[in-house]
Amino acid sequence: VYICSGVAGNKAPSVKELTLIIEATGARVITSLNDSDMLEPHCIMILTSDPSTEAQRNEFGVRKMERFGAQIVTTTWLFQTILTQQSPNMRRSEMTSLPS
């Protein structure tokens with residue numbers, strides 16, 4: 001899971017708390033999309049605010065990773081998934097998608 005800038009602390013827990021929450025689910029937090037050649041996009045979730053901001057959508061590597069299969073998810077989706085302990089089928093309608 002990659003946490004976009006501006007998510008933590010903006011109506012969401014701090015980066016440290018978000019990292020602990022995400023890692024408690026068994027996922028791993030990555031701090032950069034710079035090594036995108038080494039990452040498997042279909043295994044990556046990019047966490048944005050709800051709604052995502054233009055700055056988050058334009059953050060380095062985000063659009064490229066989405067084009068190659070990374071999923072853009074919001075904090076609302078993340079917490080609903082954790083609280084209900086149900087993982088949606090990762091349908092685009094249940095997540096946010098970056099405009100073309």
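In the predicted model, the chain folds into 4 helices and 3 strands. Read from the N terminus, these elements follow the order β-α-β-α-α-β-α. The chain comprises 100 residues, of which 40% are buried. Its exposed surface amounts to about 6300 Å², and carbon and sulfur atoms account for 52% of this area. Contacts between residues at least 6 apart in sequence were also examined; 71% of them link residues at least 24 apart.

The strands assemble into an open sheet of 3 strands in the order S1-S2-S3, and the pairing is parallel. Strand S1 (2-3) and strand S3 (71-74) form the edges of the sheet, each being paired on one side only. Helix H4, spanning residues 75-84, packs on this sheet and touches both S2 and S3. The direction of helix H4 makes an angle of about 80° with that of S3.

Strands of a sheet are joined through backbone hydrogen bonds, in either a parallel or an antiparallel arrangement. In this model, the pairing of S1 with strand S2 (residues 45-48) is parallel and extends over 2 bridges. Within the sheet, Tyr-2 is placed opposite Ile-46 of S2.

Terms used: Residues numbered from 1 in each chain as written. Predicted model: local features only at pLDDT ≥ 70, side-chain atom pairs only at ≥ 80, totals over all residues. Heavy atoms only, no water. Buried < 20%, exposed > 50% of the residue type's maximum accessible area, 1.4 Å probe, protein only. Contact = heavy atoms within 4.5 Å. Areas by Shrake-Rupley, 256 points an atom, 1.4 Å probe, with all protein chains shown as cover. Pairing = 2+ DSSP bridges. Axes fitted to C-alpha atoms, helices over the stretch in contact; angles between N-to-C directions.
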